[in-house]
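The following note is offered to a colleague who is meeting this structure for the first time. Its points are numbered so that each may be checked against the sequence and the coordinates.

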Amino acid sequence: MIQGLVLIETFQAGPLGCNCSLLIDPATKQAIVVDPGGDVDVIQGRLERHGATIAAIVHTHTHIDHVGATAPLQRWSGAPARIHEADRFLYQMLPVQSALVGCALPQKAEIDGDLRDDITVRAGGLDLQVLHTPGHTPGSVCFVLRAAERSIVFAGDTLFRRSIGRTDLWGGDSDLIQRSIRDRLYALDEDTQVVTGHGPATTIGEERRQNPFVRAR
C-alpha cells in the first residue's frame with residue numbers, strides 16, 4: 001500500500017500472527033520495521049524486493065510474539081532495535097515468556113530503551129511519532145505516521161478492531177489501558193487508520209463509536 005509518499009506493507013509474521021509492518025521511504029529506500037514478530041526470511045525478502053535498508057527496528061511492546069525476528073534483523077542490517085524503557089524487564093523475561101506460550105526462545109538483540117513519549121523516529125523522509133500508551137504492558141507505545149492522505153497509527157496490542165489488549169500478564173493494568181485509549185488514541189482524527197498488532201485494521205472513528213470495551217466520552 002502506498003500512503004502519500006510512503007510504501008507500507010503489513011503482514012503476519014511469527015507463530016502467533018503478529019502484524020509486522022514495513023515503512024519504506026521510496027526516495028531514500030530507508031525503512032522502519034515495526035514489530036518483527038518472526039519469519040525473518042520473509043521480512044528480509046520483502047525489504048530486498050524494494051531495495052530497502054533498515055534504519056530502525058521499533059516495537060510497540062516486548063511480548064515474545066512481537067520480537068521473534070529482532071536479533072537476526074539487527075545482525076543483518078546493523079540497525080538499532082528500540083523499545084520503551086518500561087518494557088525492558090519483559091525483554092529480560094523472554095525465557096519465561098517462551099515457556100508460557102510455547103514459542104521458541106528468540107536470540108537476544110542489543111536493545112535501546114529510548115522510545116520516550118512524543119519523540120520522533122526518523123528514517124529518510126519518514127517521521128514516526130511515539131505515543132506512550134501503557135496498560136497492555138508498562139512500556140506499550142503506539143506509532144503515528146502522518147502521510148498526505150491521512151494518518152496511520154500502529155497500535156500494537158493496545159487497541160484492536162472492536163477489542164483491546166489483555167491486561168492479565170506482567171505489568172498489565174486495565175485502568176491504564178482504557179485511559180491510554182481514551183486520552184491518546186481517541187484524541188487522534190477519526191479517519192486515522194489503525195494497524196493493530198493482530199487481526200484486521202480499523203479506524204479511530206469506528207472504535208470511538210463501536211468498541212464495546214472503551215467508548216469515547
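1. Buried residues account for 55% of the 217 residues in the chain of this predicted model. The surface that the chain exposes amounts to about 9100 Å², and carbon and sulfur atoms contribute 48% of that surface.

2. Six helices and 15 strands are found in the chain. Its C-alpha trace spans about 45 × 45 × 25 Å along the principal axes. The radius of gyration is 16 Å, which agrees with the value near 17 Å for a compact globule of 217 residues.

3. Contacts between residues that are distant in sequence deserve mention. Of the contacts with a separation of 6 or more, 61% are made by residues 24 or more positions apart. As for charge, the chain carries 21 positive and 26 negative charges, and the mean positions of the two sets are 3 Å apart.

4. The helix α2 covers residues 70-77. Which of its residues are buried? They are Thr70, Ala71, Pro72, Leu73 and Gln74. The cover over the buried residues of α2 includes two elements from the earlier part of the list, β4 and α1, together with β5, β6 and β7. After α2 comes Gly78, which has a positive phi near 75°.

5. His59 belongs to the loop between β5 (53-58) and α2. Is His59 buried or exposed? With a relative accessible area of 1%, His59 is buried. Beyond its neighbours within four places in sequence, His59 is in contact with Asp35 and Pro36, with His66, Val67 and Thr70, with Ala81, Arg82 and Ile83, and with Ile111, Leu115, Val141 and Phe143. A polar atom of the His59 side chain lies 3.0 Å from the backbone oxygen of Arg82.

6. Arg82, the partner in that pair, lies in strand β6, which comprises residues 81-82. What does its accessibility indicate? Arg82 counts as buried because its relative accessibility is 15%, and the cut-off for buried is under 20%. Apart from residues within four places in sequence, Arg82 is in contact with Ile57, Val58 and His59, and also with Asp112, Asp114, Leu115, Ile119 and Val121.

7. The loop between β4 (30-34) and α1 (40-49) contains Asp35, and Asp39 has its place in that loop as well. Asp35 has a positive phi of about 55° although it is not a glycine; for Asp39, also not a glycine, phi is positive at about 55°. Their accessibilities may be set out in turn. Asp35 is buried at 2% relative accessibility, whereas Asp39 has a relative accessible area of 41% and is partly exposed. Asp35 is among the residues in contact with His59.

8. Gln107 is located in the loop between α4 (94-101) and β7 (111-112). Its relative accessibility of 47% places Gln107 in the partly exposed class. With neighbours within four places in sequence set aside, Gln107 is in contact with Ala71, Arg75 and Tyr91. Ala71 is one of the buried residues of α2. With Arg75, Gln107 forms a polar contact between side chains, at 2.7 Å. Val67 stands 40 residues away from Gln107 along the chain, and the two C-alpha atoms are separated by 9.4 Å.

9. Glu207 forms part of helix α6, residues 204-210. How accessible is Glu207, and in which class does it fall? Its relative accessible area is 0%, and Glu207 is buried. Which side chain makes a polar contact with that of Glu207? It is the side chain of Thr202, at 2.6 Å. Leaving out neighbours within four places in sequence, the contacts of Glu207 are Leu159, Phe160, Arg161, Arg162 and Ser163, followed by Tyr186, Thr202 and Val214. Between Glu207 and Leu126, 81 residues apart in sequence, the C-alpha to C-alpha distance is 26 Å.

Technical notes
Residues are numbered from 1 along each chain as its sequence is written. This is a predicted model: local features need pLDDT of at least 70, side-chain atom pairs count only at pLDDT 80 or more; totals for chains, interfaces and linings use all residues. Side-chain values use heavy atoms; hydrogens and water are left out. Helices (H or I, at least four residues) and strands (E, at least two) are DSSP runs, numbered from the N terminus. The radius of gyration is taken over C-alpha atoms; the globule rule is 2.2 Å times the number of residues to the power 0.38. Buried means under 20% relative accessible area, exposed over 50%, partly exposed in between (1.4 Å probe, protein chains only). Contact means heavy atoms within 4.5 Å. Accessible areas come from the Shrake-Rupley method with a 1.4 Å probe; for residues, only the protein chains shown count as cover. Lys and Arg count as positive and Asp and Glu as negative; His and the chain ends are not counted. The place of a charge is taken as NZ of Lys, CZ of Arg, CG of Asp or CD of Glu. A polar contact is a pair of N or O atoms within 3.5 Å; within protein, one must be able to donate a hydrogen and the other to accept it, and residues adjacent in sequence count only if both atoms are side-chain atoms.
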